[in-house]
Protein chains: 2
Amino acid sequence: MTQWSVEQATEQLQRALARLHVPFDPTEFRWEGLVARAYKEHAGDAPGMGWRGVLRFDLGRPPIIPAQFALRYFEIEPEGYSSLEKHTHIHLVVAVRGRGKALVGTSVFDLQPMDVVYVPPDVPHRWLNPYAEPFGFLCVVDAERDRPRPVSPEEWESLRTHPETAPWVF
Amino acid sequence: MTQWSVEQATEQLQRALARLHVPFDPTEFRWEGLVARAYKEHAGDAPGMGWRGVLRFDLGRPPIIPAQFALRYFEIEPEGYSSLEKHTHIHLVVAVRGRGKALVGTSVFDLQPMDVVYVPPDVPHRWLNPYAEPFGFLCVVDAERDRPRPVSPEEWESLRTHPETAPWVF
């Protein structure tokens, strides 16, 4: 999984959006001229903050576009997962590639393309791909937002013992 | 094309997002519990402000979610088109169903699923479906945004005479 620096990805995105139309290649499931950047530069060592096999593509965000939101595409390889985290800003997600799972609070949802997931403020969540094909989703967030935090020891314990979430809490 | 009032669509969206997961039915290309609302209540009679066969689904917006953006899904039936308009807020669009065309400034792009289109501030634009199947796209906007305006007489004349845009300016 080739990943580029934020600066390189930003420059590529700027060029792509300057052309107004960013064509998509369905064979590669990639956008012309857009490159993946590191999912997280440093996630921290707190329980649940580990992650594996996650690519991030920015599709639009300030200051490249004058907007109050950012649109990103995340892709999780088979056996991959994002960090188990929470934050005050919300996520609005649309699955677009393959299948995957969303842990949101004490629920775990199985996702198919075009399913929508809403992650409310301060609700612990994690995206997982226990399937054989890449799992990809669009995620819209406020451009100005707080940093992700680990779940609290009480939340960790509660998620680790809840039958629905337990298999995905590590 | 059944369309619901803003109030009815809002209530349905609120219920759907309260369940956190909004499953999608690929056969109908619709989300469970979400209903279409009128694309525009009154578009005005200025040149280009006509439209035809456009459905709008809100997937998330304040005050239902605490965010500074709104995510919508628009679907244009064969031979349909949105109004030719401009505004200061930007659009970030991801095509997701069928094929369609985007007029943005003096360019016309042919869109396939997952193509991204950026509409910069105050650039005239229109979405069209000259194809046989429904054309659908996701569109992210700032929640607080200015109202669409007709293009100016000078822009109208320029778009009407530009070889690329002329067929789509009416």
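A salt bridge here is a side-chain nitrogen of Lys or Arg within 4 Å of a carboxyl oxygen of Asp or Glu. Keep that in mind as you click through this predicted model.

**Stop 1: a salt bridge in chain A**

Select Asp122(A) and Arg149(A). They form a salt bridge, and their closest N and O atoms are 3.2 Å apart. Now colour the backbone around each one: Asp122(A) sits in the loop between β11 and β12 (125-128) of chain A, while Arg149(A) belongs to strand β14 (residues 149-150) of chain A, so this pair ties together parts that are 27 residues apart in sequence. Over all chains, the rule counts 24 salt bridges.

**Stop 2: a hairpin in chain A**

Next, pick out strand β9 (residues 100-104) of chain A along with β10(A). The two run antiparallel and are joined by five bridges. To see one pairing, select Lys101(A), whose bridge partner in β10(A) is Asp110(A). Then go to the turn: two residues lie between the strands of this hairpin, and Gly105(A) takes a positive phi near 65°.

**Stop 3: where the chains meet**

Show both chains and select the residues in contact: 37 from chain A and 37 from chain B. How much area do chain A and chain B bury between them? About 3,400 Å², with 73% of it on carbon and sulfur atoms. Look for salt bridges between chain A and chain B and the count is zero. Polar contacts do turn up, with 12 residue pairs across this interface.

Which parts of chain A supply the side that touches chain B? At least two residues each come from β1 (21-22), β5 (52-60), β6 (69-81), β8 (91-97), β10 (107-111), β11 (116-119) and β13 (135-142). Highlight β13(A) here, as its four residues make up the largest share. Colour this side of chain A by residue type and you get 30 nonpolar, three polar and four charged residues.

**Stop 4: strands paired across the chains**

Select β11(A) and strand β1 (residues 21-22) of chain B. These strands run antiparallel, with two bridges joining them. Click Val116(A) to find its bridge partner in β1(B), Val22(B).

**Stop 5: the two copies together**

Finally, zoom out and superpose the chains. A turn of 180° with a shift of 0.0 Å along the axis lays chain A on chain B with an RMSD of 0.0 Å. The two copies are therefore related as by a two-fold rotation axis. Go back to the contact selection for a last look: 100% of the contact residues of chain A recur in chain B, and the same surface serves both copies.

Key:
Residues are numbered from 1 along each chain as its sequence is written. Chains are lettered from A and ligands numbered from 1 in the order in which they are written. This is a predicted model: local features need pLDDT of at least 70, side-chain atom pairs count only at pLDDT 80 or more; totals for chains, interfaces and linings use all residues. Side-chain values use heavy atoms; hydrogens and water are left out. Contact means heavy atoms within 4.5 Å. Buried area is the accessible area (1.4 Å probe) that two parts lose on being put together, summed over both. A polar contact is a pair of N or O atoms within 3.5 Å; within protein, one must be able to donate a hydrogen and the other to accept it, and residues adjacent in sequence count only if both atoms are side-chain atoms. Ala, Val, Leu, Ile, Met, Phe, Trp, Tyr, Cys and Pro count as nonpolar, Asp, Glu, Lys and Arg as charged, and the others, Gly among them, as polar. Two strands pair if DSSP finds at least two bridges between them. Copies are superposed by least squares on the C-alpha atoms of residues with pLDDT of at least 70 in both.
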